[in-house]
Amino acid sequence: MTKTLLCLKGDEEALPILECAKELGLRLIVVDPDPNAVGFGIADYKVVADHYGDPLDIIDQIAGRTPVPDGVLCCACDAPHTAAAIAHGLGLPGLSPVAAERSVDKHAQILGLQNAGL
């Protein structure tokens, strides 16, 4: 059975990652706000949405219109909070939304390390 990967970002920077995933035999759902994103050319399904925006918008756009993804991947973008929220919303493995939020909040990282005595 072919696995499906939801890929956040579809521009030139993401293209090598998308191509590698495609070479591995994965079906791709590519999310990018640019309707002309180059990654849409190799996508099995395209979702025109902001990969830094509301994760529920992305979930709503794929629900019933694409296969349920088996995983979510940030492709050359710093959006682990979006990926985690989507994974959590779809019951997929991944970072918890709290851990992902901390991974993009440098101040919270410093406070967390200080509170841990590091």
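This passage walks through the sheet, the helices packed on it and the cysteines of one structure. The model is predicted, with local features requiring pLDDT of at least 70, side-chain atom pairs counting only at pLDDT 80 or more, and totals for chains, interfaces and linings using all residues. Residues are numbered from 1 along each chain as its sequence is written, and side-chain values use heavy atoms, leaving out hydrogens and water.

At the heart of this description is an open, parallel sheet of 4 strands, ordered β3-β2-β1-β4. Strands are DSSP runs of E of at least two residues and helices are runs of H or I of at least four, both numbered from the N terminus; two strands pair if DSSP finds at least two bridges between them. Strands β3 (45-48) and β4 (71-74) form the edges, each pairing on one side only. From one strand to the next, the twist averages 20°. Between β1 (residues 4-8) and β4 there are 4 parallel bridges, and Leu5 has Gly71 in β4 as its bridge partner.

Helix α1 (residues 15-23) packs on this sheet and touches β1, β2 (27-32) and β4, with its direction at about 160° to that of β2. Helix α3 (residues 80-90) lies across β1 and β4, at about 175° to β4. Contact here means heavy atoms within 4.5 Å; axes are lines fitted to C-alpha atoms, for helices over the stretch in contact, and angles run from 0 to 180 degrees between N-to-C directions.

Turning to the cysteines, a disulfide is taken as a pair of cysteine sulfur atoms within 2.5 Å, and the count is 0. The sulfur of Cys75 is the nearest to that of Cys7, at 4.1 Å.
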